[in-house]
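Here are a few exercises to work through with the model open beside you. Try each task before you read its solution.

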Amino acid sequence: AARLGGLDAVLIFYGLLGDEARSARDITELRRQLRVNFDSPVEWAAAAAATLENSSHPDPVIVAIGSVAGDRGRASNKTYGAAKAGLAVYMQGLAHKGGDKQKRLRAVTIKPGFTDTPMTDGLPKGGPLWSSADRVAKDIAAAVKGGGPIRYSPWFWRWIMLIIRLLPQPVM
């Protein structure tokens, strides 16, 4: 930050879908998924918050990539979903802390749905629920400029996930 003359935004974008079946029987795989999807991004966010709280920029922001998978537990990706849910809650806490100050530190979690990226290479693609990485990038750029603390990408995932969160457990 000092070498750059300060920071106005920190973007934390990485993840690992991982092998859910393997993580159920291999603690090393479980730890790897949690390390990549929760521990590491939270550590980066904490360091970024400490730096950005002292920023001279009028609207410092941290933006982290979460997932719609963090909105409801599912057997097929419970480790990934749990890690992304934890990251989203941490980011909400940062956003709440930022709201207590005269100069706000914004913390935003981007929650993409199905996105055509290398992480989803093994999945069948197509249909109206799939998005391009470029589409998600536009939502990320908009989040850097304003808004938060949660932004679904594309926008329609907000309503899909609301319905999914409200479904009774037996229906899930």
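**Exercise 1. Find the partner of Ala 9 in β2, then describe the surroundings of Ala 9.**

Step 1. Ala 9 stands opposite Val 61 in β2. The model is a predicted one, in which local features need pLDDT of at least 70 and side-chain atom pairs count only at pLDDT 80 or more, while totals for chains, interfaces and linings use all residues. Residues are numbered from 1 along each chain as its sequence is written, and side-chain values use heavy atoms, with hydrogens and water left out.

Step 2. Place the residue: Ala 9 is in strand β1. Strands (E, at least two residues) and helices (H or I, at least four) are DSSP runs, numbered from the N terminus.

Step 3. Look at the pairing. β1 and β2 (residues 61–65) run parallel and are joined by four bridges; two strands pair if DSSP finds at least two bridges between them.

Step 4. List the contacts, meaning heavy atoms within 4.5 Å. Not counting residues up to four places away in sequence, Ala 9 touches Leu 52, Val 61 and Val 144. Ala 9 and Pro 60 are 51 residues apart in sequence, yet 5.6 Å apart in space, C-alpha to C-alpha.

**Exercise 2. Sort the residues of β1 into a covered and an uncovered face.**

Step 1. In a regular strand the side chains alternate between the two faces of the sheet.

Step 2. In β1 (residues 9–12), Val 10 and Ile 12 form the covered face, and Ala 9 and Leu 11 the uncovered one.

Step 3. Ala 9 counts as partly exposed because its relative accessibility is 26%; buried means under 20% relative accessible area, exposed over 50% and partly exposed in between (1.4 Å probe, protein chains only).

**Exercise 3. Decide whether Thr 120 is buried or exposed, and find what surrounds Thr 120.**

Step 1. Thr 120 sits in the loop between β4 (115–116) and β5 (131–132).

Step 2. With a relative accessible area of 8%, Thr 120 is buried.

Step 3. Leaving aside neighbours within four places in sequence, Thr 120 is in contact with Thr 115, Lys 125 and Trp 130. A polar atom of the Thr 120 side chain lies 2.8 Å from the backbone oxygen of Thr 115.

**Exercise 4. Work out which helix gives the most to the lining of the largest pocket.**

Step 1. α3 (78–99), α4 (133–145) and α5 (157–166) each supply at least two lining residues.

Step 2. The answer is α4, with four residues.

Key: Polar contact = N/O pair within 3.5 Å; in protein donor to acceptor, adjacent residues only side chain to side chain.
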